[in-house]
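Reader: Could you walk me through how to read a few features of a model like this one? I'd like the general idea, then the case at hand.

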Amino acid sequence: MINKNEIDRLKLLAKRFAHASRSNHIDALNVIATKLSFPHWKALAVKADQGWRPDEDELGKVDAFVREHFPSLEGRPHFIEQSMSRPVGEPIQVGEIDGHPYQVFEFLGDIRMEGEGWRILIGEADSSQPVVEIETTRRKSSPANDPGFVGKAVKVAGTQAAKARAGIASDWPRRSTKPNAKGEVIHPLYSDSATEWYCLHCDSQIKGAQIAKNLWHCPKCDASPLDIFSSPWWLDGSGQKPTAFEHAKDRKPPKPKVKMVDPRPTLKLDEQSISMLLRVALLEDAGTLGERLGAMLAEINVDDDSDACITFDEDLWSEDKVPEAAIAVAAKLGVGLEFAMTSMTFPFAWPDLGHITTSTSEYVQMMLDAYEKHGVVISNERD
């Protein structure tokens, strides 16, 4: 009687290979057969019926092939757990291309490959376009200026991206990456099943096979699986309809996009940063608790020319009080500065109490005593 344990082991490896590679089981069986020098699985099966079985070296060869390409096929932890538990800054691969060293990093399915003054970024989706970044400080000397080098580097990064996608597919249910006969697929995060899916970002209607093939990223706008739903509920009552996504029949893998990036820290003097720095300066100018409240509640408006106007509450900030630190900060930033006074709605009664002390604790006690004597104190304690 033929011992089929070894054949069953090959079938199991083929099953896992199919799951990870998102391929048909018969295609995976054929791949396994070719690793044992058979033209296809049928030829292997015929030999097996005649008594052939792989020896330990041949089984090890197939097992090594599967693990080399899809290292998270079995056991624990899952791929995503491995990714999240990996120490920050620990590469998954190091090497050299044409004498130029590189490191490859992976996090949550995204790949970053980098060397001196250059990097390559590839997202987890199959449609992700490789982005080659060259630092402006290495504009002329970077090896990434050479298309031949970029081609080799993208191939290395692409291999790791394929492994990451296989790991993700292995973590997900088989039906999340392979439609059934009806074209239904199961959302890997929400677990609902459908033949049509909808993107929250671009309102696209996507077939199950299309979304599964792209690892549940929208093939049109690259939105993540978190934004893919089995119904366009956000369009209810709007009169709008989703747009069916049409995949180009001759679509080829996206070519790398090369761009120059400035590695230097960049200070953007926009409304948010100018307002923040001016408010910190006002807090520095504040001498009493009342003035600190005035600094926090002052309205700071920055116009399109980056000039600012600060409007104070007259009860909290005296018109005679010169905000010298704010003026100095504005001068350093090259910002024109104006001041205005208005009567705002102070959040507490008796604003003059804030000018008696610099201690917040002392102010709070005086305020509570005043409310107890002349008003009402409402506690936020729950029943």
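Author: Sure. Start with angles: axes are lines fitted to C-alpha atoms, and angles run from 0 to 180 degrees between N-to-C directions. In this predicted model, helix H9 (residues 271-285) lies across S13, S14 and S15, at about 145 degrees to S13.

Reader: In what order do the three strands of that open sheet come, and how do they pair?

Author: The order is S13-S14-S15, with mixed pairing. Strand S13 (299-302) and strand S15 (337-342) are the edges, each pairing on one side only. From one strand to the next, the twist averages 20 degrees. S14 (residues 308-313) and S15 run parallel, joined by six bridges, and Cys309 stands opposite Glu338 in S15.

Reader: Now helices. Which residues of helix H2 are buried?

Author: General idea: an α-helix has 3.6 residues a turn, so residues three or four places apart point the same way. In H2 (residues 25-34), the buried ones are Ala28, Leu29, Ile32 and Ala33. Down the axis of H2 they fall within an arc of 145 degrees, so they line one face. Their cover includes helices H1 (5-21), H3 (41-49) and H4 (56-69).

Reader: And aromatic pairs: stacked or edge-to-face?

Author: Look at the planes: under 30 degrees apart counts as stacked, over 60 as edge-to-face. There are 13 aromatic pairs here. Trp118 and Phe149 have ring centres 5.2 Å apart and planes at 90 degrees, so that pair is edge-to-face. Both Trp118 and Phe149 are buried. For Tyr190 and Phe229, the centres are 5.4 Å apart and the planes at 15 degrees, so they're stacked. Tyr190 and Phe229 also form one aromatic cluster with Trp233 and Trp234.

Conventions:
Residues numbered from 1 in each chain as written. Predicted model: local features only at pLDDT ≥ 70, side-chain atom pairs only at ≥ 80, totals over all residues. Heavy atoms only, no water. Buried < 20%, exposed > 50% of the residue type's maximum accessible area, 1.4 Å probe, protein only. Helix = DSSP H or I, 4+ residues; strand = E, 2+ residues; numbered from the N terminus. Arc of directions from axis to C-beta. Contact = heavy atoms within 4.5 Å. Pairing = 2+ DSSP bridges. Phe/Tyr/Trp six-rings, centres within 6.5 Å; stacked < 30°, edge-to-face > 60°.
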